[in-house]
Structure formats: structure tokens, C-alpha cells
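Visitor: Could you take me on a close look at one helix of this model and its surroundings? I would like to know what it touches, how well it is covered, and how it relates to the ligand.

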Amino acid sequence: MTAAASVLSTRALRVTLGSRRASGAPPREVLRGIDLDVPAGKWLSIVGPNGAGKTTLLKALAQLVPYSGSIALLGRDAAAWLHRERAQKLAWLGQNEAGAQDLLARDVVMLGRLPHQSWMGGPSAADHAAVDAAMHETQCIDWQHRPLGELSGGERQRVLLARALAVQAPLLVMDEPVANLDPPHQADWLRIVRGHVARGGTAISVLHEITMALHADEMAVMDAGLVVHHGACADPRTHRAVESVFASRIAIHALAGQWVALPKS
Ligand SMILES: Nc1ncnc2c1ncn2[C@@H]1O[C@H](COP(=O)(O)OP(=O)(O)OP(=O)(O)O)[C@@H](O)[C@H]1O
């Protein structure tokens with residue numbers, strides 16, 4: 001599936017991880033040649049079984065693991081961007097991020113503003129405004145002066161989401177962003193992503209919760225290091241591809257105006 005304007009494009013993307021020296025096991029090719037176009041102004045969800053390579057794909061897109069092949073960010077070789085400029089364009093929310101436990105929540109969110117700050121300049125009024133807006137949006141402003149280590153899993157996740165939002169990047173890349181969030185805050189997350197896309201932004205998320213992932217515009221279905229299908233979330237062919245990679249242990253149904261994935265016994 002190709003898009004008229006792609007925010008990110010990969011061609012023949014391959015990642016090999018592990019080293020015999022570290023584990024005794026030979027290195028493994030965990031991404032085996034991925035061509036993917038992420039359309040501008042859309043939300044793409046990435047789904048697939050455990051070990052399919054979803055997190056590795058996100059990390060490669062964010063330049064966090066070495067790869068071969070090519071990745072273009074906004075039409076330019078992603079590796080050629082200055083780190084700071086790339087960090088203004090692509091905001092990253094990783095899976096199970098620990099973070100510095102004794103940093104105050106507000107300081108964690110302010111880290112999202114680093115790509116915008118001058119060296120030794122310190123935060124500007126615009127930086128503080130962006131942090132306030134992001135913390136209000138994820139409803140974590142009330143504990144802005146508490147250390148990260150004192151927060152519950154869901155509270156911490158909302159702070160980390162606020163950090164990603166504070167970047168005000170056109171591209172949000174999120175690995176398991178709703179992990180630890182209760183249902184109301186999952187609904188809030190959906191609203192936040194939809195709002196980002198409605199303002200012309202692009203979002204990419206890895207989600208294990210297929211029903212949640214089906215709220216996206218498009219879905220890339222991964223299996224064994226490959227994208228085996230990329231299509232619209234409303235397309236029945238996408239549903240069949242998702243069911244297939246989960247060995248038909250789930251089925252996707254229309255329910256109350258949305259798509260719902262249910263386990264099959
Ligand atoms: N540092 C590493 N060294 C060797 N193999 C690795 C390393 N990190 C991940 N892998 C392997 O790469 C494969 C893909 O891992 P990845 O985390 O990308 O999968 P995933 O689809 O995100 O899985 P999950 O749904 O379980 O989160 C897995 O088989 C994993 O064991």
C-alpha cells in the first residue's frame with residue numbers, strides 16, 4: 001500500500017540483533033526486509049504476534065537500532081538528520097520506559113522540550129506552555145511535583161505520554177502507549193491521538209489490544225519479521241490478515257458501530 005505523501009518510508013529494511021559473544025546464540029535477523037509507507041495525517045497501528053518484530057520496527061524508525069536498507073523521514077534519509085532536528089519531528093514513547101525515578105513528573109515532561117532548547121538556554125515561556133498543555137491533556141498536572149518513582153504504572157504512563165506530546169512533533173511513535181491505562185484513560189488516549197491526526201499530525205502505535213488498534217486509520221500486520229499486510233482498518237482483507245497471523249484464535253466483528261476483536265474458543 002503506497003500513500004501520496006509519506007512521513008516515513010522504509011525499503012528493504014532489515015535488522016539483526018544479538019551477538020554470539022553476549023549470549024552464545026548466533027545473531028538473529030528479526031526484521032527481514034520491510035517496505036512500508038506511513039501516510040501523512042493518518043494513524044497507523046502495527047499489530048502481530050509476540051516476537052513478530054513490532055518493537056524492533058518502531059526502534060528502527062526512531063533510529064534506536066542499527067539497520068540495513070533505507071528509512072526516509074519526511075523525504076530525507078532518516079539517518080542523515082541532525083539528532084536534534086529529527087527529535088523535533090519524531091516524538092518517541094517507548095515500551096515500559098523506566099525513566100529516572102527521582103525526577104519530578106514536570107521535569108520528565110520538560111525533557112520533551114530539549115530538542116527545542118538552546119544549549120545552556122534553559123526552558124522558555126513557550127517550553128513551559130507546551131509542558132502545561134501536555135500535562136493538562138493527559139491529566140497529570142496534579143502530580144507535576146511528585147517524583148516519577150512514586151507514581152502508579154498508569155500515572156507514570158500519562159507523564160511519559162505528556163513528554164511525547166510536549167515535543168509537539170508532527171510524528172508520534174508509540175510502543176504500547178495504553179499499557180497500564182484504565183478504560184477512561186484509554187478512551188482519553190484515543191481522543192488525544194485522533195486530535196493529533198485531525199490537526200494534520202501522524203501517529204504510529206504498536207498495540208496488543210486489537211480492538212483498540214482497529215480504531216486507527218490503517219493497520220500494518222506483522223509476522224516473523226515481515227509486514228504481511230498493510231491496509232485500511234475498515235477493510236475486511238485487513239481483518240482476515242489479522243485473524244490469520246493469530247492463527248484464527250480471534251475473530252473481528254462489527255459491534256455498536258466499531259470493530260471488535262474477540263477470542264475464539
Ligand atoms: N537484543 C536482542 N537480541 C536478540 N534478539 C532480540 C533482541 N531484542 C529482541 N530480539 C528478538 O527479536 C524478535 C522481535 O522482538 P520484538 O520485541 O521486536 O517483537 P514484538 O513483535 O514487539 O514482540 P512483543 O509482542 O512480544 O512485544 C524476538 O524474537 C526477540 O526475541
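**A close look at helix H2**

Guide: Let's start with one side chain and work outwards. Setting aside residues up to four places away in sequence, Lys59 touches Leu64, Val65 and Trp92. Please keep in mind that this is a predicted model. Lys59 is part of helix H2, which covers residues 54-61. There is a long-range partner to look for as well: Asp175 is 116 residues from Lys59 along the chain, yet their C-alpha atoms are separated by 9.2 Å.

Now for the cover. The relative accessible area of Lys59 is 33%, and because that value falls between the 20% and 50% cut-offs, Lys59 is called partly exposed. For the helix as a whole, 6 of its 8 residues are buried, so H2 is largely enclosed by the rest of the structure. The buried positions in H2 are Lys54, Thr56, Leu57, Leu58, Ala60 and Leu61. As background, an α-helix has 3.6 residues a turn, so residues three or four places apart point the same way. Just past the end of H2, Gln63 adopts a positive phi of about 65°.

Two of those buried residues bring us to the ligand. An oxygen atom of the ligand sits 2.5 Å from an N or O atom in the side chain of Thr56. For Lys54, a side-chain N or O atom is 2.7 Å from a ligand oxygen. Asn50 has a similar kind of pairing, with 3.0 Å between an N or O atom of its side chain and an oxygen atom of the ligand. On its own the ligand would expose 640 Å², and the protein buries 64% of that area.

Stepping back to the whole shell, 13 residues surround the ligand, and the closest are Arg28, Gly51, Lys54, Thr56 and His208. H2 gives the largest share of this shell, with 3 residues. Strand E2 (28-39) and H2 each supply at least two shell residues. Sorted by class, the shell holds 7 polar, 4 nonpolar and 2 charged residues.

It helps to place the helix in the wider fold. The chain is divided into domain 1, made of 6-74 plus 170-263, and domain 2, which spans 99-169. Taken over C-alpha atoms, the centres of these two domains are 25 Å apart. Where they meet, 15 residues of domain 1 are in contact with 12 residues of domain 2.

Two further stops make useful points of reference. Thr138 lies in the loop between helix H5 (125-137) and helix H6 (153-166). With a relative accessibility of 3%, Thr138 is under the 20% cut-off and therefore counts as buried. Leaving out neighbours within four places in sequence, Thr138 contacts Arg158, Leu161, Ala162, Leu165 and Ile192.

The other stop is Gly231, found in strand E10 (residues 226-232). Gly231 is buried, with a relative accessible area of 4%. Its C-alpha atom is 8.7 Å from that of Asp217, a residue 14 places away in sequence.

To return to where we began, H2 is largely enclosed, while Lys59 within the helix is partly exposed.

Notes. Residues are numbered from 1 along each chain as its sequence is written. This is a predicted model: local features need pLDDT of at least 70, side-chain atom pairs count only at pLDDT 80 or more; totals for chains, interfaces and linings use all residues. Side-chain values use heavy atoms; hydrogens and water are left out. Helices (H or I, at least four residues) and strands (E, at least two) are DSSP runs, numbered from the N terminus. Buried means under 20% relative accessible area, exposed over 50%, partly exposed in between (1.4 Å probe, protein chains only). A residue is near a molecule or strand if one of its heavy atoms lies within 4 Å of it. A polar contact is a pair of N or O atoms within 3.5 Å; within protein, one must be able to donate a hydrogen and the other to accept it, and residues adjacent in sequence count only if both atoms are side-chain atoms. Accessible areas come from the Shrake-Rupley method with a 1.4 Å probe; for residues, only the protein chains shown count as cover. Ala, Val, Leu, Ile, Met, Phe, Trp, Tyr, Cys and Pro count as nonpolar, Asp, Glu, Lys and Arg as charged, and the others, Gly among them, as polar. Contact means heavy atoms within 4.5 Å. Domain bounds come from an automatic or database domain assignment.
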